[in-house]
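Subject: Structure handover

Hi,

Here is the structure I promised to pass on. Please open it before you read further, and keep it beside you as you go.

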Amino acid sequence: MNRIHEKKYIQCILVSMAVIAAYTLWSLFKNFISVPMIKAIMAELIVFAAAYLIRCGIKKQFTADTAIKAVIFAGIVMRIGYMLYTPCNVRSHDMWEISTQGHGHAAYILGLLQNNSLPQSNEIQFYQQPFFYIVGSVASKLINMITSSDDVFYFVDAAKTVSCAASCMVLIIAGSICDTFKLKDTEKLAAMLIVAFQPCFFLSIRVTPDILCTFFMTLALLFTFRWHASPDWKNTLILAFVYGFGVMTKISVAVLAFFTAVVFAVKLVQLIKEKKALPVIFRLAVFGIISLPLGLWYNVRNYILFSQKFGYVLELGEKSKLYVGNHSLFQRFVIPDFNNILSSPYDYVWDDYNLFVYSVKSSLFGEFEFEVPSFIPIILYISAMVLSVLAVIAAVSALKHFTEDKMTAALSAVCAVFLVSVVIFNLRYPYGCSMDFRYSTFLIIPFAILLAKQLMRYGSKITKNMLYMCIAMFSCSSCLMYILA
Amino acid sequence: MISVFIYMGIACFIFFFLFRKKLNSSSFNGYSLFELSVFYLLMRICPLFMLEERSMMNYIAFATDIILIAAAVTAFGKLCGVAGRKTAAALCLFSPLPVISIVCGNAVYTLAVFIVITAILAFICFIKKKFRKVPLRTFLNEYILFTAGGYFMLLDKECLSLSFMELVAADKFPVFTVLGLAAMVLSCVFTAIKLIGVRKGRTAEESIVKEACTESREPLVHESFGRKNCLHIIILTAVYAAAVFFRLGSFEAPQSSMKFSSVGNSEIVLDLGEYVSISKLDIFLGSNNNAKIALSAYNEVDREWILIDTDVALKSVFSWNEVPMSWNLRYIGIVFTEPKEYFINEIVVVDKEGNVLTPINSLDYPELFDEQEKYPEHATYYYRTMFDEVYHGRTAYEFYNDLPIYENTHPPLGKTLISLGIASFGMTPFGWRFVSAVFGTLMVPVMYIFAWKLSRRSETAFLGAALFCTEFMHFTLSRIATIDIIVALFILLMFFFMYCFTEEIKADRKLPKQSVWLLLCGISTALAVATKWTGIYAAAGIAVIFFVAVAERCVNDGGFRKNISYLSKLFGVCVVSFILIPAVVYSLSYLQFSEVYTDKNFVEHAISNSVNMLNYHSDAKAEHPYQSEWYEWLVDRVPLLDAVTAVPERGSISTVATFGNPLILICGLASFLHNFWLWRCKGCTKARFLVIAYLSMLMPWLFIHRTVFIYQYFGCIMIIILMICNSVMNLKKSKMAGIILICLSLQLFIMFFPVISGIEANRGYVQQYLEWLPTWVFE
């Protein structure tokens, strides 16, 4: 088992290197590599993966494992391709001016690169935790050193390699989580297809800390389950650093800490009963000693310097065009507007107000519109809608089968905790942008696993067929969408 | 067109749902000719007549369809035998494409129908030849998927009136078109996969799970109607009455009035004694609406009247009409600009601070300033007429005072009854709403007894009555002086007595016993029709139920010939009950007309007014913000706001909205499907009764193109509650389900109480917690 884990670590490192290498190569030859050329290469590589699978099928060497590898390969191709053909100022969020005079993500990175200092205020985006920006500026410095670029645009642009690497690593870690949950081959394939081709993992490749935050959440989930199985020093330390760096990336990683805390407590009670609790208590103390200062030092700094409260988020006010608090709670959280569901697959950023619909739409297209033949986004949208509903059914089913499979029920509980936190966040900050799925990307992984595991095991034949059909439609349309976009 | 598509979608869904269930039954051997005729009526005639206008092309498509059906059925018969032919005919009838080709009158669609039928026939030939052992029903799911695909594809195209090329343009998002296409492609893929599977030697898996069709769960204990039920009735009725009469309406309203007209007494000049800044005038208009006035202020320097507004309309009768007027003045001139006679009961002058000012010459107009204390701080529903009360309440007042009759678009009985309240409590909000409240309250025991009769169980009866008590629309209609609640009680009685008759006939009791129920049913029908013509819809429903019950009895008792003497006697009773009594009651209801307009006797008035009513309702079309279509009623989409008054200084509003309890309406849809299943698959006669009753109250609205509102659905809601009772009764954990339903319904009733009762509620609460849908705007 340890070998498999080591293999995964190597895969993660390799994929990160591949991302940086791809970006560096593109930077060096960007005058010769056009966007259509990148898209053509993406398409060719995906066709190649499909052709390889067909060949395996013909030669009767087709196994689920091969298919999963091909899916991961295709997922990574899509992510790297998207990173290369999308400059940092396209489909961006809160970038503001690309200069140190701004207060957006770009200025944050440029401040670190050019002044070697953290922000000197907490205005606009400067209240954000610094880890992503630190790692981003390091990656940027490294790449721009190789390419000898002195254009500030590319200083900022290169930081998206961190997001891309995180997005690719999430895919690999998702495979590990599937193994932890002992998913059968077809179940794992279904789950990996969803994670590999879920567009929010492509769209997250921008200069924001969101996908790095998702990466740490995914790691935290994996190692919480591993810690429960084996609460040794290795798992405790990894978990401590994951939470430390995670919270240093974004405070919202702490949402998962509620779940980890419950797991700690359950395990501790169990060990107390067995009178073996003392070493674990010591390890947990070390966990706290590492994770708390690592995660919260920036908050303490900002509190001392700017009296910034813990958990502070930028307020837009009721007069903002994005304010949705004038709609009833039912319209926002319970009953979707069917006219809105059927009118367009894209979010109307200024008008949409239903959390579920906004989340599904933004998970597929962000807050943007694309000029592609309309049938592609519609297929993607319909299949995503069906998958979302099936995922909720699967989560409920997992809770229903609590006695048979406690681990899967726990995964369902993770989703519930996260969803509650999303609702609370939206109640506190009732704005269109608060509903964007980029803050909830983490949910894809547990929901994909629940969907694959519960519906394949307990679903009727019709449900299974619907699931296969939707996953196939979802994957194909996602690829087409982001190759043609 | 949307209406036809939705109707077709629902009809096809129900058919295929029941068809799949029926296929499981070993006794199923195709559909009878009678059933096929009903299907034809439902799927060809109804959609055609749902169209507002029909062209020659529609009729040509209709005629072509008959030929195609005949050809297809014959071909199917040759391929699949007699049973197969009957089933194929049903499947043909429930295919959306031919229906769409008829309603669109589109030759291309007709050609497509021909091609599809040919393709299906070719496919069947292929299956018969190559896969002899594979039953055709193996492909039922694929067929349904294909059919649904076609339906969705055309839904987008026809409802948006766009071509396919326009639909697939980048700026359009034809969700249904893509969904339809995907479904059609997938159905072909699944069919191919199944065929490949069969060829490879795997047995064609039956997609339909076989399960034995058992008889409907009848109640285990048949209890007698004893003390317990009486106690239930008393408690529920008392609680409901308390809720209905709670702040029903003010016992006071300005009564004394002065008559004005542009000819004669046309002016009012008010002298406030000194110059004051006034903010508004509030004028309580008596009988006769739409008074037109001109307002002016006197300029003492120029010694001239300055016109402020020449065209102010006082629209609502027996209501405070606000006239905003931001002026600093001493003299106010009010001139009536139309020759019609208007009655003004009271005028209130309000200054900028909100104080009521009394003109120093108020004694010149004693009737206009003698009841100033009746001027409310906020003119909520409590102090004035709301929605159609301006017609029905006012006309009831005219009936009572032998005045010319204003509202004559409905038969007079309902307004005659409302006038009883006015006679007892005066022309006040309480007075004109009293009879509605009484009728609404009386419906509770009737519903209880009906539900008990249906189930013979006090729990189910309690469930029915409790749901009815917490039904929003029942509550709102009980608190407004309109005729809808009155006709609803009579309709409920009609169905109840008809149900009692079917019970008697089922138990094979003697004719006199049956006749009692028929006579009572006839009287209820007469009263209902004399109140509102919607009673006729219910009459159609009871007619169907009656004929089915009688036919069933005769078939079980040796045929029609053997029962000829029974049938002739029954015919006599029916003539008296359903023709003679209604004709007499309907004519008598026009007595008031003959007293006011002596040129005709009451029978002549009944006939001439009925003709006028028919003409009026045929083209009563007007844009209204709260109008809604029949399919919107099913999901409670557009509430009707009877009264809205803002109370800005307290941040609250007073709203009276007419709409259904969402729990009851949504559960009702599920229970409708369940009852259909109970009827068609389990042979439950109660379910049959309820389904026919529901459809009879709903179906007529499919063919009506005038402006309609959600309250027209109230007749259906009464039946929905009974259907829920029947469904719950057939559940395994019926008691628990009933308790949960009552608790949820009560919770919703309490939650929504402010917007259905009109009591003042915090605006934030209404906006944040009660406006569930974008169309639910309660302010």
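Why can α8(A) be called largely enclosed by the rest of the structure? Count its buried residues: 10 of the 13 residues of α8(A) are buried, so the rest of the structure largely encloses this helix. Before going on, bear in mind that this is a predicted model.

**Helix α8 of chain A**

Find residues 185–197 of chain A; they make up helix α8. The buried ones begin with A:Glu187 and A:Lys188. Then come A:Ala190, A:Ala191, A:Met192, A:Leu193, A:Ile194, A:Val195, A:Ala196 and A:Phe197. What do these buried residues pack against? Their partners are five helices of chain A: α3 (64–85), α7 (160–180), α17 (375–400), α19 (444–458) and α20 (461–484).

You can also check the length of α8(A). At 1.5 Å a residue, its 13 residues should span 18 Å. The C-alpha atoms at its ends are 18 Å apart, which agrees.

**The nonpolar cores**

The largest nonpolar core has 194 residues. Which of them touch the most other members? They are A:Ile109, A:Ala220 and A:Ile449. Helix α17(A) gives the most to this core, with 15 residues.

Take A:Ala220 as a case to look at. Set aside its neighbours within four places in sequence. A:Ala220 is then in contact with A:Leu239, A:Val242, A:Tyr243, A:Gly246, A:Val253, A:Leu256 and A:Thr260.

There is a second, separate core of 170 residues. Its members include B:Phe434, B:Tyr499, B:Val529 and B:Cys725.

**Where the chains meet**

How many residues of chain B are in contact with chain A? The number is 18, and they meet 18 residues of chain A. On the side of chain B that touches chain A, α8 (175–199) and α26 (763–770) of chain B each supply at least two residues. α8(B) gives the most, with five residues. By class, this side of chain B has 14 nonpolar, two polar and two charged residues.

**Strands of chain B**

Start with β3 (residues 291–299) and β4 (residues 304–314) of chain B. They pair in the antiparallel sense over eight bridges. In this pair, B:Tyr298 stands opposite B:Trp305. The two strands form a hairpin with four residues between them. In the turn, B:Arg303 has a positive phi of about 55 degrees.

β3(B) has another partner to find: five bridges join it to β5 (residues 319–336) of chain B. These two strands run antiparallel. Look for B:Ala294, which stands opposite B:Val335 in β5(B).

Now move along chain B to an open sheet of three strands, in the order β8-β9-β10. The pairing is antiparallel. Which strands are at the edges? They are β8 (640–647) and β10 (761–762) of chain B, and each pairs on one side only. Seven bridges join β8(B) to β9 (residues 652–658) of chain B. Here B:Ala646 stands opposite B:Ile653. Helix α25 (residues 734–757) of chain B packs on the sheet and touches β9 and β10. The direction of α25 makes about 90 degrees with that of β9(B).

**Three residues to click on**

First, B:Tyr240. You will find it in helix α9 (residues 227–245) of chain B. Is B:Tyr240 buried or exposed? A residue needs 20 or more other C-beta atoms within 10 Å to count as buried. B:Tyr240 has 25, so it is buried. Leaving aside neighbours within four places in sequence, its contacts are B:Thr441, B:Val444 and B:Cys469. Now compare the position of B:Ala192. B:Tyr240 and B:Ala192 are 48 residues apart in sequence and 61 Å apart in space, C-alpha to C-alpha.

Next, A:Lys60. It is in the loop between α2 (35–58) and α3 of chain A. Its phi is near 60 degrees, a positive value in a residue other than glycine. A:Lys60 has 6 other C-beta atoms within 10 Å, so it is exposed.

Last, B:Arg456. This residue is in the loop between α12 (429–455) and α13 (458–469) of chain B. B:Arg456 is not a glycine, yet it has a positive phi of about 60 degrees. With 17 C-beta neighbours inside 10 Å, B:Arg456 counts as partly exposed.

Best wishes

How values were computed: Residues are numbered from 1 along each chain as its sequence is written. Chains are lettered from A and ligands numbered from 1 in the order in which they are written. This is a predicted model: local features need pLDDT of at least 70, side-chain atom pairs count only at pLDDT 80 or more; totals for chains, interfaces and linings use all residues. The expected span of a helix is 1.5 Å times one less than its number of residues. A residue is buried if 20 or more other C-beta atoms lie within 10 Å of its own, exposed if 12 or fewer, and partly exposed in between; C-beta atoms are placed from the backbone. Two residues are in contact if their C-beta atoms, placed from the backbone, lie within 7 Å. Ala, Val, Leu, Ile, Met, Phe, Trp, Tyr, Cys and Pro count as nonpolar, Asp, Glu, Lys and Arg as charged, and the others, Gly among them, as polar. A nonpolar core is a set of buried Ala, Val, Leu, Ile, Met, Phe, Trp, Tyr and Cys residues joined through C-beta atoms within 7 Å. Two strands pair if DSSP finds at least two bridges between them. Axes are lines fitted to C-alpha atoms, for helices over the stretch in contact, and angles run from 0 to 180 degrees between N-to-C directions.
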